[in-house]
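Walk me through this structure, please. I am new to reading protein models, so keep the steps short.

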Number of protein chains: 2
Amino acid sequence: MSNTSVRSIRRGDLARATGCNLETIRYYEKIGIMPDPPRSTKGYRSYDNAHVKRLKFVMRSRDLGFSLEEVRGLLGLVDDRSRTCADVQLIAEDHLTDVQAKIADLQRIERVLSDTVARCTGDAAPECAVIDALLDA
Amino acid sequence: MSNTSVRSIRRGDLARATGCNLETIRYYEKIGIMPDPPRSTKGYRSYDNAHVKRLKFVMRSRDLGFSLEEVRGLLGLVDDRSRTCADVQLIAEDHLTDVQAKIADLQRIERVLSDTVARCTGDAAPECAVIDALLDA
DNA sequence: CTTGAGCCTGTATCAACTACAGACCTTAGA
DNA sequence: TCTAAGGTCTGTAGTTGATACAGGCTCAAG
């Protein structure tokens with residue numbers, strides 16, 4: 001069962017293969033999230049399946065809201081043969097806590113905002129419940 | 001009923017009066033969210049009650065997640081004698097929609113993340129459900 | 001041989017702040 | 001009166017996570 005082996009692709013191909021923006025790949029390489037790939041004689045970067053896989057990992061992590069520093073931590077654990085499930089769980093649980101806090105924050109905002117907007121008449125009058133709420137402590 | 005009238009305070013006092021970071025005030029002045037205040041002969045900025053009120057408005061708006069551009073819009077409407085409740089409602093409702101979308105996004109993330117973390121054994125084994133989820137498409 | 005696409009590099013921009021350096025001013029205490 | 005501490009002034013750089021653009025090479029098709 002040989003899976004589709006990509007021998008040597010260029011940055012644009014990697015972008016297409018992953019759906020990641022080309023400039024973003026460049027940025028990830030600059031900050032060390034992605035490795036500096038080998039170069040052709042003419043200086044063109046050459047990527048392979050391992051790069052595709054790693055970049056997809058990064059993208060899925062980002063999609064789940066992990067910061068690039070958290071992704072860096074996760075990548076370190078992926079590479080580390082001695083990592084344990086507990087190590088990973090720690091990062092993921094921390095992040096989950098962050099996400100839950102953000103949700104709570106936004107829900108508070110949503111309540112205040114929708115309550116206030118609901119008091120709007122929405123007509124041509126200069127009085128407005130939203131402005132009043134923002135002006136008054 | 002004379003309310004506490006602040007005749008002339010300096011930037012540090014404005015910061016203390018509002019709880020806003022001093023550098024943030026400076027930034028707001030730079031980008032025009034707050035006006036350039038008058039200066040003393042020695043070049044010290046001098047603020048009054050109107051500045052305190054405006055800055056508090058900005059801070060409450062930011063706290064409710066309005067972007068600085070949205071705040072700019074709201075401030076324009078506060079100042080504008082011809083503004084209507086409908087004008088303000090439009091901005092607030094747009095923002096409310098944004099907030100609701102963000103909540104939905106984070107809730108999706110929260111589900112995936114907590115489901116995945118729940119499958120962690122949390123032990124010293126190298127197999128980890130989180131890593132697996134991030135590695136597999 | 002030319003044209004266009006793709007790649008290379010460096011640099012700038014965005015939001016919304018925050019931080020720091022070096023110079024000046026003001027005020028309280030000795 | 002002198003001095004030391006603290007506030008204020010200015011300009012500038014750094015943060016996160018990208019995105020955009022300019023100017024120069026190279027490569028493949030027609």
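How many residues does the contact take from chain B and from chain A? The contact takes 49 residues from chain B and 49 residues from chain A, where contact means heavy atoms within 4.5 Å.

Some ground rules come next. This is a predicted model, in which local features need pLDDT of at least 70 and side-chain atom pairs count only at pLDDT 80 or more, while totals for chains, interfaces and linings use all residues. Residues are numbered from 1 along each chain as its sequence is written, chains are lettered from A and ligands numbered from 1 in the order in which they are written, and side-chain values use heavy atoms, with hydrogens and water left out.

Now look at the two protein chains together. About 4,400 Å² is buried between chain B and chain A. Carbon and sulfur atoms give 73% of that area. Buried area is the accessible area (1.4 Å probe) that two parts lose on being put together, summed over both. Polar contacts also cross this interface: the rule finds 16 residue pairs, both residues at pLDDT 80 or more. A polar contact is a pair of N or O atoms within 3.5 Å; within protein, one must be able to donate a hydrogen and the other to accept it, and residues adjacent in sequence count only if both atoms are side-chain atoms.

Which elements of chain B supply at least two residues each to the side that touches chain A? They are helix 3 (49–63), helix 4 (68–79), helix 5 (85–118) and helix 6 (129–135). Helices (H or I, at least four residues) and strands (E, at least two) are DSSP runs, numbered from the N terminus. Helix 5 of chain B gives the most, with 21 residues. By class, this side of chain B has 28 nonpolar, 10 polar and 11 charged residues. Here Ala, Val, Leu, Ile, Met, Phe, Trp, Tyr, Cys and Pro count as nonpolar, Asp, Glu, Lys and Arg as charged, and the others, Gly among them, as polar.

Salt bridges are next. A salt bridge is a side-chain nitrogen of Lys or Arg within 4 Å of a carboxyl oxygen of Asp or Glu. Between chain B and chain A the count is 2. A:Asp63 forms a salt bridge with B:Arg108, with the closest N and O atoms 3.6 Å apart. Over all chains the count comes to 14 salt bridges. Inside chain A, A:Glu29 pairs with A:Arg45, and their closest N and O atoms are 3.4 Å apart. A:Glu29 lies in helix 2 of chain A and A:Arg45 in the loop between helix 2 and helix 3 (49–63), so the pair ties together parts that are 16 residues apart in sequence.

Stay with chain A. Its domain assignment gives domain 1 (7–83) and domain 2 (85–137). Such bounds come from an automatic or database domain assignment. The centres of the two domains, taken over C-alpha atoms, are 35 Å apart. Their contact takes 8 residues from domain 1 and 7 residues from domain 2. About 640 Å² is buried between them, and carbon and sulfur atoms give 70% of it. The rule finds 0 salt bridges across this interface, but 3 residue pairs in polar contact, both residues at pLDDT 80 or more.

Turn to the DNA. Which residues are closest to DNA strand D? A:Thr24, A:Lys42, A:Arg62, B:Arg26 and B:Arg45 are the closest of the 19 residues that surround the strand. A residue is near a strand if one of its heavy atoms lies within 4 Å of it. Sugar and phosphate account for 63% of the atoms of DNA strand D that come within 4 Å of the protein. Bases are reached too. A polar side-chain atom of A:Tyr27 lies 3.3 Å from a base nitrogen of DNA strand D. Helix 2 of chain A gives the most to the surface near this strand, with 5 residues.

DNA strand C is also surrounded by 19 residues, and B:Tyr27 and B:Lys42 are among the closest. A phosphate oxygen of DNA strand C is 2.5 Å from an N or O atom in the side chain of B:Thr24. A:Tyr44 has a side-chain N or O atom 3.1 Å from a base nitrogen of DNA strand C. Helix 2 of chain B gives the most to the surface near DNA strand C, with 5 residues.
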